[in-house]
Structure formats: structure tokens, C-alpha cells
Amino acid sequence: MPQHVEFSISDLPPAEPGLERWGSTVDGAAEACLVIDAQQVVVAMSASFEAMLGLSESPVSRPLLEDDGGVLQLLDFADGKPLEQNEVARMPPVLALTSSRLARGLIRIRCANGPRTFDAIATPLTEDGQTVGSLTFFSLIN
């Protein structure tokens, strides 16, 4: 005789919103990565990326880019000077956010121990069909 099995999901807690869920994941990640929101504010950054950058204080809730008082100062590969604004828009975390598409590229960042080059790959994060942030993984080149 077949048995009837019934499941109920009414006792499950509500799902964590997308950015908070990704932020929790990045907080515990061993890989160098970060999550920014639609306003380019850091939601989360892995401890390994913080260490690579040589940050002395938490980057969370700060703007991503230094021009806005933020975390990263991007450098031009040619002359080592701060990257111009039109080039900043093509940086993978920002480009994934503004284009709602996967973005990849090399970026140069001023770190506590001098400039470093990273291969960055970023994906947009969406909720209800809207891009609400981006998730970026960084691989140190030198």
C-alpha cells in the first residue's frame, strides 16, 4: 500500500536578502573577494583580500573607490598615477554593476606595501530582476 508523505515549509525562517547572503559568504571566504552594493559601497570583503591590501580598518560600509573617501585607490599601469575616472568605470566590480554582465580585467591597486596587480572577475548580483550589487574575486598577479 503506497504511503502519503506531506512536507511543510512553514517553519523555515525567511530567506536572507541577496546582498546580505552574499556578504555572509564573502566574510567567511578564503579567497580574495568583495561584494559592493548598487551605490558602490562595500558590503563585505574577505579577510584575505583585506590582508593583501594591508587595510588597518574595516572597509564595510565605506565607498569602494578612494575618490569618494573609499577603500581602493586604482593606479594607471603606465605611470602609476591615480586612474582617471573614465578608466575607473571599466574596473570589473563597477562594470559588472553598471552593465549587469560578467566583467574581467587586470587592475592595479595601491596597497599598504606598494602597488599590486590583480586579475579581477566580477558578476552582477540581482534581486527581482534588478542589479543590486556585484561580487568580485581577485587573484594576485604581483
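**Figure 1. Contacts of L64 in the predicted model.** This close-up of a predicted model centres on L64 and the residues it touches. With neighbours within four places in sequence left aside, L64 is in contact with L34, I36, Q40, V41 and V42. Its other contacts of this kind are G70, V71, L72, M91, P93 and V94. L64 also belongs to the largest nonpolar core, shown next.

**Figure 2. The largest nonpolar core.** This core has 23 residues. The members that touch the most other members are F49, L64, L74, I109 and F138. At least two core residues come from each of the strands β1 (32-37), β2 (42-45), β4 and β5, and the helices α2 (47-53) and α4 (92-99) do likewise. A second core, separate from this one, has nine residues, among them C33, V35, A44 and L125. In soluble globular proteins, nonpolar side chains tend to be buried together.

**Figure 3. Strands β4 and β5.** Strand β4 covers residues 103-111 and strand β5 covers residues 114-127. The two run antiparallel and are joined by nine bridges. One bridge pairs R110 with P115 of β5. A hairpin of two residues leads from β4 to β5.

**Figure 4. Strands β5 and β6.** On to the next pair: β5 is joined to β6 (residues 130-140) by ten bridges, and these strands also run antiparallel. T123 has L135 of β6 as its bridge partner. Two residues lie between the strands in this hairpin, where D128 takes a positive phi near 50°.

**Figure 5. A nonpolar patch on the surface.** The patch is formed by F77, L106 and I141. Together these residues have about 320 Å² of accessible area. F77 is located in the loop between β3 (74-75) and α3 (85-88). Is F77 exposed or partly exposed? Exposed means over 50% relative accessible area; F77 counts as partly exposed because its relative accessibility is 49%.

**Figure 6. The whole chain, for orientation.** Four helices and six strands make up the secondary structure. Along the sequence they follow the pattern α-β-β-α-β-α-α-β-β-β. The chain has 142 residues, of which 37% count as buried. About 8700 Å² of the chain is exposed, and carbon and sulfur atoms supply 51% of this area. Among contacts between residues at least 6 apart in sequence, 40% join residues at least 24 apart.

Key
Residues are numbered from 1 along each chain as its sequence is written. This is a predicted model: local features need pLDDT of at least 70, side-chain atom pairs count only at pLDDT 80 or more; totals for chains, interfaces and linings use all residues. Side-chain values use heavy atoms; hydrogens and water are left out. Two strands pair if DSSP finds at least two bridges between them. A nonpolar core is a set of buried Ala, Val, Leu, Ile, Met, Phe, Trp, Tyr and Cys residues joined through side-chain atoms within 4.5 Å. Buried means under 20% relative accessible area, exposed over 50%, partly exposed in between (1.4 Å probe, protein chains only). Contact means heavy atoms within 4.5 Å. Patches are made of residues with over 30% relative accessible area and no salt bridge: like charges are joined within 9 Å, nonpolar side chains (Val, Leu, Ile, Met, Phe, Trp, Tyr) within 5 Å. Accessible areas come from the Shrake-Rupley method with a 1.4 Å probe; for residues, only the protein chains shown count as cover. A salt bridge is a side-chain nitrogen of Lys or Arg within 4 Å of a carboxyl oxygen of Asp or Glu.
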